[in-house]
Amino acid sequence: MELNGKKKLHALSLAEKIQVLEMLDESKMSQSEVARRFQVSQPQISRICKNKEKLLADWCSGTANRERKRKRESKYSSIDEALLCWFHIARTKMWDVTGPMLLQKAKELADIMGQEFVPSIGWLVRWKRRNNVCFGQRHPARTVHTLELPCDKGPVPPSLSLPQLLKEFAPENVFGCGEVVLLYKAMPGGEQEGRERLCVALCVNGRGTEKRKPVVVGRRLAPHCFFGVNTEALPVLYRSSPSGQLTPELFSEWLTDFDREMGRQRRSVVLVLDAERHCPDPEPANIRLVFLPSRPGHNDSPSPCPLHPDIVWDFKSRYKRRLLGKVSSIGSETDSSPASIAASITVLDALHMVAAAWDKVQPSLVERCFGEAGCSKGKGSLGSNAPPSGMSPEEFRRFVDLETEPACPSALPPTGAYKEEEEEEGEDLFGSLPTKADALKALGTLRRWFECNGSAEGVFRQFYSCEEEVERLCCQ
């Protein structure tokens, strides 16, 4: 019997299912057309539509595994739910939750419910995976510090100074976190619209040696440019909210992941935040939170804590320099205007440019800024960031500070206008996904281009690493 022609089943992840729902809601494509795009059957698309509310609830909960392709319900769902409720209560009370403790509690709950159930290690592993649960040793609740700064611009009183609060922490264990508004496709002299904004949350330690993966927040659950993309493998975390801002829920999700990672590394760190952030419940076990408000009556003065304005400016300048370079390089080979090229920049393009710009921020700059703020004893240098060719320093400064210009509206656009832009942006993105042969051919073309244009030797070393990774993926 010939089995080679049997069609291979293709399951969609939660993220891809959300993309299906977005595509059906915002385009005139039929279910059959969408099924062909995602290389699945039409009945599978129909089931996704039928379960729309449940899928959206899972996506917005923040606890679901977004790359999981099948969600198998447990035979003992009532025990599952009861144990998860108990687990959240235990975390709130800062108990030390262990695997044997969960197995014992599951057995007790089963007995109370009158069910014949003996939990096993395998069941516990699957329960943790289903509910995206990670547990470790908990520690006594830490004190959350909020500094009350005086109204004048004098020094902070010794009793409230950062050095005293942070004296028990090494600079590499002192982190600063702040948010940056980015007009990700803005060009000098062009009309800017609020719908082109992204909110970027950045976090780095006092040595500049440990930069946390940036969190980028947009308004859409799954932009069209994410079609076929494994978002968990991107160099940034993409999240969405109706306002396009880092909401308390999103911040709490990020902080929980940060706390778990520090627990796995057996580290105790401090995180300096502005006063707009509220202390989460439960408090992190491995992170001490310090809230530093801006000085009352001096809103134009720099914050006394990270994220220092110089770090923000350096990141934005590197992003916008990269944007100008991309537009210029595309324009050199086409007749399109810079404005039309910039308009075609997608959210996915912006995520990669954000990651590249953040990676280029120098540790010496970060160390100097933390030293100025009193968060470390760093004495690093500022470094240079000359304007691009063809722009004066003043023109480049105004371009980098475009988000703070009075002419830039803070209000978000009407939903209809936003939808129209996204549909235009994603119009050409739904072709067939690149194959292994396409990737290997592209590598050969790129290497040939380097060879013919006299690239530096270091570029080839980086290319070889990229080539090895592509070949590894092709062999999977």
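This report covers one helix and its cover, one helix pair, several salt bridges and one contact distant in sequence.

The model is predicted: local features need pLDDT of at least 70, side-chain atom pairs count only at pLDDT 80 or more, and totals for chains, interfaces and linings use all residues. Residues are numbered from 1 along each chain as its sequence is written, and side-chain values use heavy atoms, with hydrogens and water left out.

**Helix α9**

Helices (H or I, at least four residues) and strands (E, at least two) are DSSP runs, numbered from the N terminus. Helix α9 spans residues 248-264 and has 17 residues. From first C-alpha to last it reaches 24 Å, close to the 24 Å expected at 1.5 Å a residue. The expected span is 1.5 Å times one less than the number of residues.

Which residues of α9 are buried? They are L250, F251, E253, W254, L255, F258, D259 and M262. Buried means under 20% relative accessible area, exposed over 50%, and partly exposed in between (1.4 Å probe, protein chains only). The cover over these buried residues includes β2 (174-183), β3 (197-205), β4 (215-218), β5 (237-240), β6 (269-273) and β7 (287-291). R266 follows α9 and has a positive phi, near 55°.

**The α16 and α17 pair**

Two packed helices are described by the angle between their axes and the distance between the axes. The axes of α16 (residues 436-452) and α17 (residues 457-474) come within 10 Å and cross at roughly 170°. Axes are lines fitted to C-alpha atoms, for helices over the stretch in contact, and angles run from 0 to 180 degrees between N-to-C directions. The two helices are therefore roughly antiparallel to each other, a label for angles over 145 degrees.

From α16, the contact (heavy atoms within 4.5 Å) uses K436, A439, L440, L443, L446, R447, F450 and E451. From α17 come V459, F460, F463, C466, E467, V470, E471, L473 and C474. These residues divide into 12 nonpolar, no polar and 5 charged. Ala, Val, Leu, Ile, Met, Phe, Trp, Tyr, Cys and Pro count as nonpolar, Asp, Glu, Lys and Arg as charged, and the others, Gly among them, as polar.

**Salt bridges**

The structure holds 15 salt bridges. Each is a side-chain nitrogen of Lys or Arg within 4 Å of a carboxyl oxygen of Asp or Glu. The table includes three of them.

| Acid | Base | N to O distance |
|---|---|---|
| E172 | R207 | 3.7 Å |
| D310 | R368 | 2.6 Å |
| E394 | R397 | 2.6 Å |

E172 lies in the loop between α8 (162-165) and β2, and R207 in the loop between β3 and β4, so the pair ties together parts that are 35 residues apart in sequence. E172 is partly exposed at 34% relative accessibility. R207 is partly exposed at 32%. A network of salt bridges links E172, R207 and E367.

D310 sits in α10 (residues 309-331) and R368 in α13 (residues 363-373), so this bridge ties together parts 58 residues apart in sequence. Is each partner buried or partly exposed? D310 is partly exposed at 28%, whereas R368 is buried at 14%.

E394 and R397 both lie in α14 (residues 393-400), 3 residues apart, about one turn of the helix. E394 is partly exposed at 44%, and R397 is partly exposed at 35%.

**A contact distant in sequence**

A339 belongs to α11 (residues 338-343). A339 is exposed, at 54% relative accessible area. A339 and M187 are 152 residues apart in sequence, yet 6.9 Å apart in space, C-alpha to C-alpha.

Methods: Parallel < 35°, antiparallel > 145°, perpendicular 65-115°, else oblique.
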